[in-house]
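Here is a short briefing for a reader who is new to this protein. Please look over the sequence and the 3D view, then read the notes by topic.

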Amino acid sequence: MEIRDRIRTTKELNPKIYAYITPDVISNQGWVKIGYTEQENADIRIKQQTTTAGIKYIKLWEEPAKYFDKDEYFKDHQLHDYLVRFKHRKRKDNLEFFYYNGNQEEALDDYNSFIHNDLNQSKEELSYILRKEQQEAVD
């Protein structure tokens, strides 16, 4: 066996997006942590974030960090930007926590909208005041 047959120069990655809550942390009530990992599973990463601090967590879901209709992966910051920009989710102090006000199942809905590239904002109400001549043209 040649040496190049024994050396692995690549590692297959299966990046994941995950979400969890910390029910015993009062300051996190209503907030969902949405993160990214390249580890074997999200539980390994979540335990790294919570165990040393003695924080109890409830994992909500774990999904591939991959777009639905193309062979392309994404990082959590892309999903985070989407949550703020298109879903208008409040972000906690520029961390990976997003406010769902007890409706944490919506976090998975938001993830699914993101991977399906749902950028539709047609339901959005915008506050815009027309100039006088614009209002006259409308009337």
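The notes below go from the overall fold to single residues.

This is a predicted model. The protein has 5 helices and 4 strands. Of its 139 residues, 29% are buried. The largest nonpolar core holds 20 residues, and the structure also contains 8 salt bridges.

**Overall layout**

- Read from the N terminus, the order of elements is α-β-β-α-β-α-β-α-α.
- Among contacts with a separation of 6 or more, 62% join residues that are 24 or more positions apart.
- The accessible surface of the protein is about 10000 Å². Carbon and sulfur atoms account for 48% of that surface.

**Strand S2 and its partners**

- Strand S2 covers residues 31-37. How many of its residues are buried? The count is 7 of 7, and S2 is mostly covered.
- In a regular strand, side chains alternate between the two faces of the sheet.
- S2 has two sets of residues that point opposite ways. Trp31, Lys33, Gly35 and Thr37 point one way, while Val32, Ile34 and Tyr36 point the other way. Both sets are buried.
- S1 and S2 run antiparallel and are joined by 5 bridges. Tyr20 sits opposite Lys33 of S2.
- S2 also pairs with strand S4, residues 97-99, in the antiparallel sense. That pairing has 3 bridges. Within it, Val32 has Phe98 of S4 as its bridge partner.

**The nonpolar core**

- Which residues have the most contacts inside the largest core? They are Ile17, Ile34, Phe74 and Leu79.
- S1, S2, H3 and H4 each give two or more residues to this core.
- H4 provides the largest share, with 4 residues.
- Ile34 belongs to S2 and is buried. Beyond residues up to four places away in sequence, Ile34 touches Ile17, Tyr18, Ala19, Leu79, His80, Leu83, Glu96, Phe98, Tyr100 and Ala107.
- Two residues with the most contacts inside the core, Ile17 and Leu79, are thus among the residues that Ile34 touches.

**Helix H4**

- Helix H4 spans residues 105-115. Its buried residues are Ala107, Asp110, Tyr111, Ser113, Phe114 and Ile115.
- An α-helix has 3.6 residues a turn, so residues three or four places apart point the same way.
- What covers the buried residues of H4? The cover includes strands S1 (16-21), S2 (31-37) and S3 (58-64), and helix H3 (76-85).
- Asp110 lies in H4. Asp110 counts as buried because its relative accessible area is 4%, and buried means under 20%.
- Leaving aside neighbours within four places in sequence, Asp110 contacts Tyr82, Leu83, Lys87, Arg89 and Tyr100.
- Leu83 and Tyr100 are among the contacts of Asp110, and Ile34 touches them too.
- Asn117 follows H4 and has a positive phi, near 60 degrees.

**Salt bridges**

- Glu38 and Lys75 form one of the salt bridges, with their closest N and O atoms 3.6 Å apart. Glu38 is in the loop between S2 and helix H2 (42-50), and Lys75 is in the loop between S3 and H3, so the pair ties together parts that are 37 residues apart in sequence.
- Is this pair buried or exposed? Glu38 is partly exposed, at 35% relative accessible area. Lys75 is also partly exposed, at 37%.
- Asp43 forms a salt bridge with Lys59, and the closest N and O atoms are 3.1 Å apart. Asp43 is in helix H2 and Lys59 in strand S3, so this pair links distant parts of the chain, 16 residues apart.- Lys59 also meets Glu62 in a salt bridge, at 2.8 Å from N to O.
- Asp43, Lys59 and Glu62 are linked in a network of salt bridges.
- Each member of the network is partly exposed: Asp43 has a relative accessible area of 25%, Lys59 has 29% and Glu62 has 24%.

Technical notes: Residues numbered from 1 in each chain as written. Predicted model: local features only at pLDDT ≥ 70, side-chain atom pairs only at ≥ 80, totals over all residues. Heavy atoms only, no water. Buried < 20%, exposed > 50% of the residue type's maximum accessible area, 1.4 Å probe, protein only. Contact = heavy atoms within 4.5 Å. Pairing = 2+ DSSP bridges. Areas by Shrake-Rupley, 256 points an atom, 1.4 Å probe, with all protein chains shown as cover. Salt bridge = Lys/Arg side-chain N within 4 Å of Asp/Glu carboxyl O. Core = buried A, V, L, I, M, F, W, Y, C linked by side-chain atoms within 4.5 Å.
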